[in-house]
Amino acid sequence: MSEFDNPEIFKSILETLPTGIYLVDRNRKILFWNAGAETISGYLRQDVVGRFLREHLLATGDEVNDADSDPSDPLSLAFRDGKSSTADVSILRKEGYRVPIVLRTVPVRNARGSIIGAAECFEKNISASDGTRRRSAAASLECLDGVTGIPARTFMELQLREQLTVFAERHAPFGVVLMQIDQLDQFRATRGPGVVPTILRVVAHSIENSLRPTDLVGCWSENQFLAVLTECKESEVERVANRIRKMIGQSEVEWWGDKFSVTAAFGGAGSRPDDTLELLVERAEKSLIESISAGGNRVTVGA
C-alpha cells in the first residue's frame, strides 16, 4: 500500500496550498477553509467553517450576491447542471474592504455520482505591479499617509506632473478621479471621531483593489482620494470610476460591533493639450462638486 493511498495526505496538501480553497454542502454551509483562503480573505477557519457566509463574502456587479435567486451563480450552476465555472468576483476581507478574485467552482459528487456539494478555489485578480513599485518609492521618500498607508498628496502631485510630461511628449492619455466620502462629518458626529480613520482605511483599500496594476491612488485631503489612471481616455474614466464606486459600496466598516457601509462621490477628468496640474485637478473638482450636489454616490466626468 502506497503512502499516497492515505486520504489525510491529500487533505494536508489542500490545507496548506496558497490558493484559497473551500468546500460547501448542498445547503451552502462551509465545511472546509484552507490556509490560502485565510490569507486572501483574512477570515480564519473558525470564523467561517460551519456557517452560511459565502453569499455575504462574495459580490459581483452592484450588489452582494443573492445566490438563491441568481441562476448564474457558480454554485447554482454546479448544483443544478453539474457544471464547472469561472467568474471574476470580489471577496470581502475581514478588515471590511473588498479584493478582486478569480473564483473557480466545481461540483463534488459521491460514489453514486450524486452532487453532494461543491469545491471553490480562488486567487487574487491583481498581481504584483507598478503600483506596488510606486508605493515602495513613496515609502522610501517618506510620502505615505500615516492613517491609510497609501501615498500622500505630495507624492501624488509628483506623479501627476510626471504623467503630464509623458502626455506632452508622447501624447499618452491619462485620467484622474477625485473621490470624496459621503457624509463623513455625520459619521464623525454620530459615532465619534475615532471612526474616521477606520472608514478612511477601508475606502483607501477598496479603491486600491479596484484599480489596474498600472494605476495609482493616494490621499488628496482628509476625506478625499485621487486616482491617476494611466493610458486612459476621458471617455473611459466614467467606467473606471463606477467600478470603484461599486467596490466601496460593497465594503463594510466595523465599529464597536456594528457594521455599516459607506459611499463616495466622484469627479473625473481626462488629460488635455497644454494642461497643467492645476487645470486638470480643477476640472476633476468641478465634476466632484456636481456629484456632491446631486446627493453623492455617483460619478460625474468632464463637468
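Here is a walk through a predicted model, one selection at a time.

**The whole chain**

Start with everything shown as a cartoon. The protein chain carries 11 helices and 14 strands. Colour by relative accessibility next: of the 303 residues in the protein chain, 49% are buried. If you like contact maps, take the contacts between residues at least 6 apart in sequence; 58% of them join residues at least 24 apart.

**Stop 1: helix α5**

Select residues 74-81, which is helix α5. How many of its 8 residues are buried? The count is 6, so to speak a mostly covered helix by the cut-off of under 20% relative accessible area. Show side chains for Pro74, Leu75, Ser76, Leu77, Ala78 and Phe79, the buried ones in α5. Now bring up what they pack against. On the strand side that is β1 (20-25), β5 (85-92), β6 (98-109) and β7 (115-124), and there is also a helix, α4 (54-57).

**Stop 2: α7 against α11**

Two packed helices are described by the angle between their axes and the distance between the axes. Select 153-170 for α7 and 277-293 for α11: their axes come within 10 Å and cross at roughly 110°. Angles of 65 to 115 degrees count as roughly perpendicular, and α7 and α11 are therefore roughly perpendicular to each other. To see who makes the contact, pick Glu157, Leu160, Arg161 and Leu164 on α7, then Leu277, Glu278, Leu280 and Val281 on α11. Colour this contact of α7 with α11 by residue type and you get 5 nonpolar and 3 charged residues, with no polar ones.

Keep α7 on screen and pick out arginine 153. Its charged end sits over the ring of tryptophan 220, 3.9 Å from the ring centre.

**Stop 3: α8 against α9**

Move to residues 184-191 (α8) and 195-208 (α9). These two helices pack at about 140°, and their axes are 9 Å apart. Are they oblique or roughly antiparallel? Roughly antiparallel needs an angle over 145 degrees, and α8 and α9 are therefore oblique to each other. From α8, select Leu184, Phe187, Arg188 and Arg191; from α9, add Val195, Val196 and Ile199, and you have the contact. The residues in this contact of α8 with α9 split into 5 nonpolar and 2 charged, again with no polar ones.

Leave Arg191 selected and add phenylalanine 260: the charged end of arginine 191 sits over that ring, 4.0 Å from its centre.

While α9 is visible, find glutamate 208, which belongs to this helix. Glutamate 208 is partly exposed, with a relative accessible area of 26%. Then draw a distance from its C-alpha to that of tyrosine 97: the two are 9.9 Å apart in space, with their positions 111 residues apart in sequence.

**Stop 4: the aromatic pairs**

A pair of aromatic rings is described by the distance of the centres and the angle of the planes. The structure holds 6 such pairs. Select phenylalanine 167 and phenylalanine 174 for one of them: the ring centres are 6.4 Å apart and the planes are at 80°, so this pair is edge-to-face. Both partners are buried, phenylalanine 167 at 12% relative accessibility and phenylalanine 174 at 1%.

Tryptophan 255 and tryptophan 256 make another pair. Their ring centres are 6.4 Å apart with the planes at 85°, so this one is edge-to-face too. Tryptophan 256 is exposed, with a relative accessible area of 78%.

For an aromatic group rather than a pair, select Tyr22, Trp33 and Phe122, which form one cluster.

**Stop 5: two positive phi values**

Stay with tryptophan 256 and check its backbone. Its phi is positive, about 55°, although the residue is not a glycine. Look along the chain and you will find tryptophan 256 in the loop between β11 (253-255) and β12 (258-260).

Where is asparagine 297? Its loop runs between α11 and β14 (299-301). Asparagine 297 also has a positive phi, near 50°, and is a residue other than glycine. With a relative accessible area of 33%, asparagine 297 counts as partly exposed.

How values were computed. Residues numbered from 1 in each chain as written. Predicted model: local features only at pLDDT ≥ 70, side-chain atom pairs only at ≥ 80, totals over all residues. Heavy atoms only, no water. Axes fitted to C-alpha atoms, helices over the stretch in contact; angles between N-to-C directions. Helix = DSSP H or I, 4+ residues; strand = E, 2+ residues; numbered from the N terminus. Parallel < 35°, antiparallel > 145°, perpendicular 65-115°, else oblique. Contact = heavy atoms within 4.5 Å. Nonpolar A, V, L, I, M, F, W, Y, C, P; charged D, E, K, R; others polar. Phe/Tyr/Trp six-rings, centres within 6.5 Å; stacked < 30°, edge-to-face > 60°. Buried < 20%, exposed > 50% of the residue type's maximum accessible area, 1.4 Å probe, protein only. Lys NZ or Arg CZ within 6 Å of the ring centre and 35° of its normal.
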